[in-house]
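This report goes through one protein chain, from its overall make-up to single residues. Please keep the sequence and the model open while reading.

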Amino acid sequence: MTEAFGNPGPHRSDAFFLELIDGPQIHLGGIDEVAHAAPCALSRADHQGGYPNRIGAEVTRPAIGTATTYGLCVPSVLWFRRDLRLLDNPALLAAVEAARADGDGRVVPLFVIDPHLWEPAGPVRQEYLVDSLDHLGAAIGRQLLIVHGDPVDLVPHVARTAGADTVHIAADYGPYGSARDTAVQNALEAIDVRLVRTGSSYAVAAGRVTKQDGTAYRVFTPFYRAWLSHGWRAPAAEPPGDIDWWMPLECQGHPTVASTGIDLPEAGEEAAWKRWANFHAAGLSTYDEGRNRPDLDGTSAMSHHLKYGEIHPRSILAELTDADDGFRREICWREFYADVLHQRPDSVRASLDARYDSSMRWVKDEEAFDAWAHGRTGFPFVDAGMRQLRAEGWMHNRVRMVVASFLVKDLHQPWQRGAAEFMHWLRDGDVASNTHGWQWTAGCGTDASPFYRVFNPISQGLKFDPQGDYVRRYIPELRHLTGKTAHEPWDVLGGYEHGYPEPIVDHKAEREVALADFAAIKKG
Ligand SMILES: Cc1cc2nc3c(=O)[nH]c(=O)nc-3n(C[C@H](O)[C@H](O)[C@H](O)COP(=O)(O)OP(=O)(O)OC[C@H]3O[C@@H](n4cnc5c(N)ncnc54)[C@H](O)[C@@H]3O)c2cc1C
């Protein structure tokens, strides 16, 4: 069976750590009329930080149904969000088809810098997104229309200015995104414009894979089986090469971003395909052995490309065979967590097991949190992971589990604090995968990780970084230690002579405290 594109069904509302940030003052009047939109220069020399106080100036405004040199003028709008690509993009094809059916053929490619998402994205994802938008803009002849402000105001304004009768999107299942889309849909309906959802960021749309009784899965392995048997479409057809991209307003460009100093990987659709091709050729066949080794380049590093939709997971799945089941399962984890969040949008903040929020004795210790966040806990594997996060905006999956376990079970701090820290730094920061990665590790989320599983930060290091290379890469104070001794500086004469801190807690003792606390709340 295959997934049908189209309306994803009911929408949810909530927001992930999105503080209510006052948006810019939007003035819809005061429009400059010029003949054609200039190609969008994607830097904003005229705008140093902050948000502009008006949307882009209107440049042409043909009336709906008016015959022009372009034909009968009913273009469509393609609103890009987490789908910054041209290939395998069903919403793009739908936008082109709609525009051509009306006889006009022009498509307005739109991206809205929404303050509700922009501010909490943090400096790493802001920098990455700007790079990705640059690449997308270049791929469509610098015609990407970027505007700043609330999509509920701006999307209808762009549609009305363009004289479009449809706005095309890929469905968003995140709590904020789906609520925003419903609000935009209502605002569009008020001016007789349709919001058309075609496809999504997933191979199988959230909410489609259910148990026989129609309820949602809470355990991964049966979800995986059902997801496999549900199946997914083949990648969408290539878009026509002659799309008439059109900017009916002056592009505002992207906001100025301060460089993070992090050497981020190249963004964009081409870079995504290049990375995928390299991994497919050189890493996929050894993925099962290499995937747990942070000292090796054993994983795909596709998560930031998937997050921004620079490549669709369906395109990746189409190139896998049954021999690649290990990798396919990981792609499915991403879909599973999107599904769980769709079913329980409140789980963005709330533990799926509510007792973790109501009955647990969480500790508020800023000093310990700070030591964890900056990689100064005195546990080399944990510290290397947290330093990797700040150095690269990424952390290996095995180490994500270990540092998360350390915060919750050794420092007894709530998973929500750690999840927020991750979301600030991760270049692949994704609400569903992050929230439920944390909940899984904390033991309050979906299936597998029972509460008594407490990752041992030392033995995990010895097992998955057997020569200590990963630790030495990120912790200069331990570079004088050879081989696996880097994991246990306390056992080596001179182990601390370059200033590495001693352990801030006794892991064995804290493990016992955690087990007692968790057992108590399980008993009720
Ligand atoms: C506490 C915690 C927080 C996490 N936060 C995020 C996050 O914000 N964004 C994010 O994309 N992933 C998150 N993950 C999942 C995982 O760590 C990353 O997807 C993975 O490390 C990305 O590297 P990769 O692309 O090389 O992965 P690969 O091993 O090559 O996997 C291929 C793809 O499968 C998906 N995937 C793999 N493992 C998981 C997983 N456990 N859960 C969901 N999807 C997975 C990703 O899209 C990934 O790109 C988190 C995991 C934990 C334990």
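The text below covers the whole chain, two β-α-β units, one helix pair and three loop residues.

The model is predicted, so local features are given only where pLDDT is at least 70 and side-chain atom pairs only at pLDDT 80 or more, whereas totals for chains, interfaces and linings use all residues. Residue numbers start from 1 along each chain as its sequence is written.

**Whole chain**

The chain has 19 helices and eight strands. These are DSSP runs numbered from the N terminus, with helices being H or I of at least four residues and strands being E of at least two. Of the 524 residues, 47% are buried. A residue counts as buried with 20 or more other C-beta atoms within 10 Å of its own, exposed with 12 or fewer, and partly exposed in between, the C-beta atoms being placed from the backbone. Among contacts between residues at least 6 apart in sequence, 79% join residues at least 24 apart. Two residues are in contact if their C-beta atoms, placed from the backbone, lie within 7 Å.

**Two β-α-β units**

Strand β4 (residues 106-113), helix α2 (residues 115-139) and strand β5 form a right-handed β-α-β unit. Right-handed means that, with the strands pointing away from the viewer, the path from the first strand over the helix to the second runs clockwise. β4 and β5 run parallel and are joined by four bridges; strands pair if DSSP finds at least two bridges between them. One of the bridge pairs is isoleucine 113 with histidine 148 in β5. Strand β5 (residues 145-148) is covered on both faces, with Leu145 and Val147 buried on one side and Ile146 and His148 buried on the other.

A second right-handed unit consists of β6, α4 and β7. Strand β6 (residues 166-171) pairs with β7 in the parallel sense over five bridges, and histidine 168 stands opposite valine 196 in β7. Five of the seven residues of β7 are buried.

**Helices α10 and α16**

The axes of α10 (residues 325-343) and α16 (residues 431-442) come within 8 Å and cross at roughly 90°. The two helices are therefore roughly perpendicular, a label for angles of 65 to 115 degrees. Axes are lines fitted to C-alpha atoms over the stretch in contact, and angles run from 0 to 180 degrees between N-to-C directions. Arg334, Tyr337, Ala338, Val340 and Leu341 of α10 meet Val431, Ala432, Ser433, Thr435 and His436 of α16. The residues of this contact comprise six nonpolar, three polar and one charged. Here Ala, Val, Leu, Ile, Met, Phe, Trp, Tyr, Cys and Pro count as nonpolar, Asp, Glu, Lys and Arg as charged, and the others, Gly among them, as polar.

**Three loop residues**

| Residue | Loop | C-beta atoms within 10 Å | State |
|---|---|---|---|
| Aspartate 88 | β3 (76-80) to α1 (90-101) | 25 | buried |
| Aspartate 192 | α4 (175-189) to β7 (194-200) | 10 | exposed |
| Proline 294 | α7 (287-290) to α8 (303-307) | 27 | buried |

Aspartate 88 has a positive phi of about 45° although it is not a glycine. Aspartate 192, likewise not a glycine, has a positive phi of about 65°.

Which residues does proline 294 contact, leaving aside its neighbours within four places in sequence? They are His396, Arg398, Val399, Phe464, Asp465 and Tyr470. Proline 294 and aspartate 465 are 171 residues apart in sequence, yet their C-alpha atoms are 6.6 Å apart.

Key. Angles under 35 degrees count as roughly parallel, over 145 as roughly antiparallel, 65 to 115 as roughly perpendicular and the rest as oblique.
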